[in-house]
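User: I'd like to go through the ligand site in this model, then one loop residue. Can you take it in that order?

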Amino acid sequence: MSDHTERRYAQGLDDADVLAGFRDRVVIADPEQIYLDGNSLGRLPATTATRLQAAVTGDWGRGLVGSWQGWVEQATRVGDLIGTELLGAAAGEVAVSDSTSVNLYKLAAAALGAHPDRRVIVTDDDNFPTDRYVLAGLAEQRGCELRVVHSDIDGGLDSDDLSAAIDDDVALVTLSHVAYRSGARIDLAACGELAHAHGALVLWDLSHSAGSVSVELSATGADLAVGCTYKYLCAGPGAPAFLYVRSDLQAALRQPIWGWFGQSAQFEMGAGYDPHPSIRRFGVGTPSVLATYAVEEGARLIAEAGVDRLAAKGAALTTLAIELADEWLAPLGLRVVTPRDPGRRGAHITLQHPAAWQICQALVHDGVVADYRTPQRLRLGPAPLYTRFVDVYDAIVRLRELVASGRHARYDAEPTRVT
Ligand SMILES: *Cc1c(COP(=O)(O)O)cnc(C)c1O
């Protein structure tokens, strides 16, 4: 095997990559551009445009209201695909609906309702902003305590700190599986056990892990989960999210938004709200049907590639990125802050540098799409479905050349509205 600092080493990994063919299954509009932001917005699957075209002209244009016979099952049909193929859940435990933020609110509120005698929600201070805001709002509305555990922005949550925060007043523990900034990954089984030991429910946010690392919801005893579909699942901007509720909990949990799509006999238009006993009770209003076709296309592609193979390739891509960064970027002041154990990280890596925002802008200008997260963090997300090892290699070479030249200093130091 040749030295990993030689391009032919990366080329060799591509030659041996069982997923290499999947690059042709997504749209690559500019072959010169290296796209390392699949953790923020996944690429467009090649079949999605035609599927949406058929849905628009056929199912909607020709089928009109009659198409609801099929559409009414879509949220749970696509949910089953995601649950059984990508999340290690059973059929009937996952549905597609709303946004991740709204699903988090619904499930966290349902968990509080299941434990009326308990007044505490536990999360961590490095959780994704929308999660922290939604939980803070819910705690204020319910007169509950939001207990926020300190978590290292690079290394992630320490299980002793989590353990110390959980007692018998805790109704719910809710955390992100993979940290959005550093990529640090928590152990679902171990963290879940800490919560269950005190009788609390657990709610995972899988937005940065679904489709990129192995998620075994049933095997790890998960209670509840949410996650988004426009990152590794390639469902497109604003595509509806998914929610998971373990089957034995469903009938006992009540979500706070009593919409007709959660009703047991929806078209009887009954006087009172009587939620369906199944996962359907977590639906609210008329779902985003067209966008859910795109969720289905993306999830099918990820299922075909196989989560275990994607996880293995994600670990190999980030390992190569870390090795090259240690060799070439560390001497230039760009420090890898993501955990080095592949079992403790997701499919992206993060580099710290005081001028990270300027470097990020210059890098995008040079044809390598990465992104910036405050403070001083540059994220590289080589989504395993369609990123080649040579893309990682070439990106790090360009990054080295850029930072060594100092050209990034010409870029604005003030971040724009979207970073
Ligand atoms: C991307 C992401 C979200 C997004 O939530 P939306 O409601 O879709 O805006 C939520 N949580 C985490 C952890 C994320 O990474």
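Analyst: Starting with the ligand: one of its oxygen atoms lies 2.7 Å from a polar side-chain atom of tyrosine 230. This is a predicted model.

User: How much of the ligand's accessible area does the protein cover?

Analyst: On its own the ligand has 390 Å² of accessible area, and the protein covers 86% of that.

User: Which elements give two or more residues to the shell?

Analyst: Helix H5 (100–114) and helix H6 (129–142).

User: And what about the ligand's nitrogen atoms, how far is a polar side-chain atom of aspartate 205 from one?

Analyst: For aspartate 205 the distance to a ligand nitrogen is 2.7 Å. The side chain of aspartate 131 also has an N or O atom 3.1 Å from a nitrogen of the ligand.

User: How many residues surround the ligand, and which are the closest?

Analyst: There are 13 around the ligand, with Ser101, Asp205, His208, Tyr230 and Lys231 the closest. By class, the shell has seven polar, three charged and three nonpolar residues.

User: Switching topic. Where is glutamine 263?

Analyst: Glutamine 263 sits in the loop between helix H9 (247–250) and helix H10 (289–305).

User: Buried or exposed?

Analyst: Glutamine 263 counts as buried, because its relative accessibility is 12%, and the cut-off for buried is under 20%.

User: What is glutamine 263 in contact with, leaving aside neighbours within four places in sequence?

Analyst: Gly272, Tyr273, Asp274, Pro275 and His276. With aspartate 274, a polar atom of the glutamine 263 side chain lies 2.6 Å from the backbone nitrogen.

Note on methods: Residues numbered from 1 in each chain as written. Predicted model: local features only at pLDDT ≥ 70, side-chain atom pairs only at ≥ 80, totals over all residues. Heavy atoms only, no water. Near = heavy atom within 4 Å. Polar contact = N/O pair within 3.5 Å; in protein donor to acceptor, adjacent residues only side chain to side chain. Areas by Shrake-Rupley, 256 points an atom, 1.4 Å probe, with all protein chains shown as cover. Helix = DSSP H or I, 4+ residues; strand = E, 2+ residues; numbered from the N terminus. Nonpolar A, V, L, I, M, F, W, Y, C, P; charged D, E, K, R; others polar. Buried < 20%, exposed > 50% of the residue type's maximum accessible area, 1.4 Å probe, protein only. Contact = heavy atoms within 4.5 Å.
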